[in-house]
Amino acid sequence: MKFIDLHCDTLSECYRLNKNLMSNNLNIDLKKISEFKDAILFLAIWLDDIYLDRPFENTIKIIDFFYDQKNKYKKYFLSNKHKFILSIEGGEALENNVDNLDLFYDRGVRLLTLTWNRENNLAGGCYCSKGLKKFGYEILERSKKFNILIDISHASKKTFWDIYNFNNKNILATHSNSKTVYNHIRNLDDDQILAIKSCNSIIGLNLFNEFLTDDKNAQLIHVIKQVEHFLKLNCENNICLGCDFDGVDNCLPVGIKNILDINKIYHLFKINFGKIIADKIFYFNAKNFLKIKEII
Ligand SMILES: [Zn+2]
């Protein structure tokens, strides 16, 4: 089975907890990934509060850690069947300097989530009503220079529409569900989903229990319900995976312990929606998008 996952926090967790990427007790490691025929993963650099005193410097340290690991476990990085792409979750990392975007791009970062939940100097996150700020506009302007993707997951509603209206060329939602199916502030309403679809862009389904149901023990049926709604909105070519592994304290649907268990989700999708749609969600929608955007 092939898959592309637009969002996991594994790299940041390995750095924070002093673990290695090859083999660990997290949701994802290179050994587990090597079980899949073809896999592309976006590794998010997210800064815990303890790193916010020097966000730029600490982001560079995590990037250096990634390349050290890459060097150390070369054999897992050599196959062109398994790719890892760096992303930054939270524009705090830029420390108010537009040129830092160029620097991150040069170090391999191909996706920027402008805000995490908290507000920063680029924009308001989903728990506030503020939109895009002056520095956020400057970053969007600079991002036109490269093929760097702009992620609207975590953005406030106003930030979403400000980004969409200013430059929606490279937007996507890496790890967000439908608000119509489950009303959570992190999920997207139908207008937002259709706006992303109108850009021929993609939305990654998130497996975090909190974004699926009130019930602490989410079931895979809640994920199925999400897909059903996206299909109802004719988003067959727009949904993919953004599982949020290692970013949700193991609060995943019953039966999902780590990345190896996504096989179970694939089989369920196949049973419920057929192989063609299951393959699109797991691989082809994201692959087509990333190819068009020249990320892969
Ligand atoms: Zn996130």
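**Exercise 1. Helices α9 and α10**

What is the handedness of the crossing of α9 and α10? Describe the packing of this pair in the predicted model, including the residues in contact.

*Solution.*
Step 1. Two packed helices are described by the angle between their axes and the distance between the axes.
Step 2. For α9 and α10, the angle is about 50° and the axes are 11 Å apart. Since angles between 35 and 65 degrees fall into neither the parallel nor the perpendicular class, α9 is oblique to α10.
Step 3. The crossing of α9 and α10 is right-handed.
Step 4. On the α9 side, the contact is made by Leu220, Val223, Ile224 and Val227; on the α10 side, by Ile265, Leu268, Phe269, Asn272 and Phe273.
Step 5. Sorted by class, the contact of α9 with α10 holds eight nonpolar residues, one polar residue and no charged residues.

**Exercise 2. Helices α10 and α11**

Determine how α10 (residues 262-273) packs with α11 (residues 275-292), and state the classes of the residues in contact.

*Solution.*
Step 1. The axes of α10 and α11 lie 7 Å apart, and the packing angle is about 140°.
Step 2. The class of roughly antiparallel requires an angle over 145 degrees; α10 and α11 are therefore oblique to each other.
Step 3. The crossing of α10 and α11 is right-handed.
Step 4. From α10, the residues Tyr266, Phe269, Lys270 and Phe273 meet Lys275, Ile277, Ala278, Ile281 and Phe282 of α11.
Step 5. This contact of α10 with α11 comprises seven nonpolar, no polar and two charged residues.
Step 6. Phe269 and Phe273 of α10 appear in the contact with α11 and also in the contact with α9.

**Exercise 3. Helices α1 and α3**

At what angle do the axes of α1 (residues 10-17) and α3 cross, and which residues make the contact?

*Solution.*
Step 1. The two axes come within 10 Å and cross at roughly 95°.
Step 2. An angle from 65 to 115 degrees counts as roughly perpendicular, and α1 and α3 are therefore roughly perpendicular to each other.
Step 3. Leu11, Ser12 and Tyr15 of α1 make the contact with Ile62, Phe65 and Phe66 of α3.
Step 4. The residues of this contact divide into five nonpolar, one polar and no charged.

**Exercise 4. Strand β4 and helix α7**

Is strand β4 (residues 109-113) largely enclosed or largely open? Identify also the buried residues of helix α7 (residues 157-166) and the elements against which they pack.

*Solution.*
Step 1. Five of the five residues of β4 are buried, so this strand is largely enclosed by the rest of the structure.
Step 2. Strand β4 runs parallel to β3, and four bridges join the two. Within this pairing, Leu86 stands opposite Val109 of β4.
Step 3. In α7, the buried residues are Thr159, Phe160, Asp162 and Ile163.
Step 4. These buried residues of α7 pack against α6 (134-143), β5 (149-151), β6 (171-172) and α8 (190-198).

**Exercise 5. Positive phi in two loops**

Which phi values do Glu95 and Asn234 have, and is Asn234 buried or exposed?

*Solution.*
Step 1. Most residues other than glycine have a negative phi.
Step 2. Glu95 has a positive phi, near 45°, and Asn234 has a positive phi of about 60° although it is not a glycine.
Step 3. Glu95 is placed in the loop between β3 (82-89) and α5 (99-106); Asn234 is placed in the loop between α9 (220-232) and β8 (239-241).
Step 4. Glu95 counts as partly exposed because it has 13 C-beta neighbours inside 10 Å. Asn234 has 10 such neighbours and therefore counts as exposed.

**Exercise 6. Two loop residues and their distant partners**

For Ile50 and Leu260, establish the location, the exposure and the separation from a residue distant in sequence.

*Solution.*
Step 1. Ile50 is in the loop between β2 (38-46) and α3 (55-72), and Leu260 is in the loop between β8 and α10.
Step 2. With 8 C-beta neighbours inside 10 Å, Ile50 counts as exposed. With 15, Leu260 counts as partly exposed.
Step 3. Ile50 and Arg16 are 34 residues apart in sequence, and their C-alpha atoms are 9.9 Å apart.
Step 4. Leu260 and Glu35 are 225 residues apart in sequence, with 7.9 Å between their C-alpha atoms.
Step 5. Leaving aside residues up to four places away in sequence, Leu260 touches Lys32 and Glu35.

Notes. Residues numbered from 1 in each chain as written. Predicted model: local features only at pLDDT ≥ 70, side-chain atom pairs only at ≥ 80, totals over all residues. Buried ≥ 20, exposed ≤ 12 C-beta atoms within 10 Å, placed from the backbone. Axes fitted to C-alpha atoms, helices over the stretch in contact; angles between N-to-C directions. Left-handed = near helix turned anticlockwise from the far one by under 90°. Contact = placed C-beta atoms within 7 Å. Nonpolar A, V, L, I, M, F, W, Y, C, P; charged D, E, K, R; others polar. Pairing = 2+ DSSP bridges.
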